[in-house]
Amino acid sequence: MHPTAELLRIYEILNGHYGNLHWWPADSPFEVIVGAILTQNTTWHNVERAIFNLKTKNLLHPKKLFKTRDDILADLILPSGYYRVKTKRLKAFLAFLNDEYKGNLDRLFNEEIWALRKKLLTIKGIGEETADSILLYAGEKPIFVVDAYTRRILHRHAIISGNAPYAEIQNLFMANLTQSAPIFNQYHALLVQTGKQFCIKKNPLCGQCPLSSITNHRAVTALHK
DNA sequence: CACCAGGCAAGTA
DNA sequence: TACTTGCATGGT
């Protein structure tokens with residue numbers, strides 16, 4: 001089957017099953033960015049506790065957070081794990097925002113999308129997924145986010161190889177779908193929702209997955225032996 | 001107890 | 001270039 005048809009079919013099934021997921025769960029673009037960094041290799045539940053702490057202290061604003069001492073910030077984001085590393089990463093982004101855009105997110109997102117992506121990737125602590133999450137979910141730019149669930153689901157449906165590079169997977173979606181931020185937003189959200197529920201590393205619940213009807217059964221059973 | 005979670009950078013060969 | 005390792009809390 002052609003990738004275009006296959007990706008559209010997956011989208012239709014998941015969208016019909018879950019409906020609009022209203023991602024990213026945040027009250028502001030800045031909260032999206034903070035969440036994108038804090039959720040690296042960490043459950044969203046733990047990130048929520050860290051975000052709550054920051055909100056309680058009224059620190060969820062670029063300039064306020066930038067002025068917060070590292071040890072104070074580290075203590076507040078403790079529940080999200082890797083808290084020393086993530087403190088540095090948040091500060092690295094905030095220094096970049098301050099230096100290049102006067103601490104103003106509107107100026108940041110006024111940049112051309114691929115030029116901005118390249119700049120974000122120079123920040124220590126912002127890799128491809130985090131950069132794309134910021135661009136799509138905070139900046140509403142039409143770029144596809146690839147994460148562990150995206151890779152795992154596509155691999156288990158034999159659409160990609162297990163070691164397919166990030167850019168290849170991203171291009172698969174972007175070359176075969178309408179270039180639309182709302183569609184890329186919802187599609188990635190659907191993949192994460194499905195992944196969390198049915199495509200965890202061990203004990204995958206493939207039979208109950210909404211995509212089981214189109215599953216390449218041979219590929220999936222071989223992977224689950 | 002072991003394993004996992006909406007990654008990333010730095011080190012090694 | 002292609003692996004490996006450290007980072008850390010909290011849930012299952």
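Valine 34 of chain A touches Ile51, Leu54, Leu60 and Leu90, leaving aside residues up to four places away in sequence; two residues are taken to be in contact if their C-beta atoms, placed from the backbone, lie within 7 Å. The model is a predicted one, in which local features need pLDDT of at least 70 and side-chain atom pairs count only at pLDDT 80 or more, while totals for chains, interfaces and linings use all residues. Residues are numbered from 1 along each chain as its sequence is written, and chains are lettered from A and ligands numbered from 1 in the order in which they are written.

Val34 also belongs to the largest nonpolar core, which has 47 residues; those touching the most other members are Ile33, Val34, Ile37, Ala50, Leu90, Phe93 and Ile134. Such a core is a set of buried Ala, Val, Leu, Ile, Met, Phe, Trp, Tyr and Cys residues joined through C-beta atoms within 7 Å. Domain 1 (3-22 + 145-223) and domain 2 (29-138) both contribute residues to this core, so it lies between them. A residue is called buried if 20 or more other C-beta atoms lie within 10 Å of its own, exposed if 12 or fewer, and partly exposed in between, with C-beta atoms placed from the backbone. By that criterion, 29% of the 225 residues of chain A are buried. In soluble globular proteins, nonpolar side chains tend to be buried together.

The bounds of the two domains come from an automatic or database domain assignment. Taken over C-alpha atoms, the centres of domain 1 and domain 2 are 27 Å apart. Seven residues from domain 1 and six residues from domain 2 make up the contact. On the domain 1 side, helix H12 (residues 181-198) provides the largest share, three residues. That side of domain 1 has five nonpolar residues, one polar and one charged, where Ala, Val, Leu, Ile, Met, Phe, Trp, Tyr, Cys and Pro count as nonpolar, Asp, Glu, Lys and Arg as charged, and the others, Gly among them, as polar.

At the level of the whole chain, the picture is a helical one: chain A has 13 helices and zero strands. Helices (H or I, at least four residues) and strands (E, at least two) are DSSP runs, numbered from the N terminus. The radius of gyration of chain A is 18 Å, close to the 17 Å that the globule rule gives for 225 residues, so the chain is as compact as a globular protein of that length. This radius is taken over C-alpha atoms, and the rule is 2.2 Å times the number of residues to the power 0.38. Along the principal axes, the C-alpha atoms fill a box of roughly 55 × 35 × 30 Å. Among contacts in chain A with a separation of 6 or more, 64% are between residues 24 or more positions apart.

Turning to the nucleic acid, 27 residues surround DNA strand B, and Gln40, Asn41, Gly127, Thr130 and Ala148 come nearest. A residue is near a molecule or strand if its C-beta atom, placed from the backbone, lies within 6 Å of it. Helix H9 (128-138), helix H10 (148-156) and H12 each supply at least two residues of this surface, and H9 gives the most, with four residues. The residues near strand B divide into ten nonpolar, ten polar and seven charged. Around DNA strand C, the residues include Asn41, Thr42, Thr43, His45 and Tyr83. Helix H6 (83-101) gives the most to the surface near strand C, with three residues. By class, the surface near strand C has five nonpolar, six polar and one charged residues.

Asn41 also deserves a look for its backbone. Its phi is near 50 degrees, a positive value in a residue other than glycine. Asparagine 41 sits in the loop between H2 and H3, and with 7 C-beta neighbours inside 10 Å it counts as exposed. Glutamate 140 also has a positive phi, near 55 degrees; this residue lies in the loop between H9 and H10 and is partly exposed, with 14 other C-beta atoms within 10 Å. A cis peptide bond, with omega about -5 degrees, joins tryptophan 23 and tryptophan 24. Tryptophan 24 is placed in the loop between helix H1 (3-18) and helix H2 (29-38). Most residues other than glycine have a negative phi, and most peptide bonds are trans.
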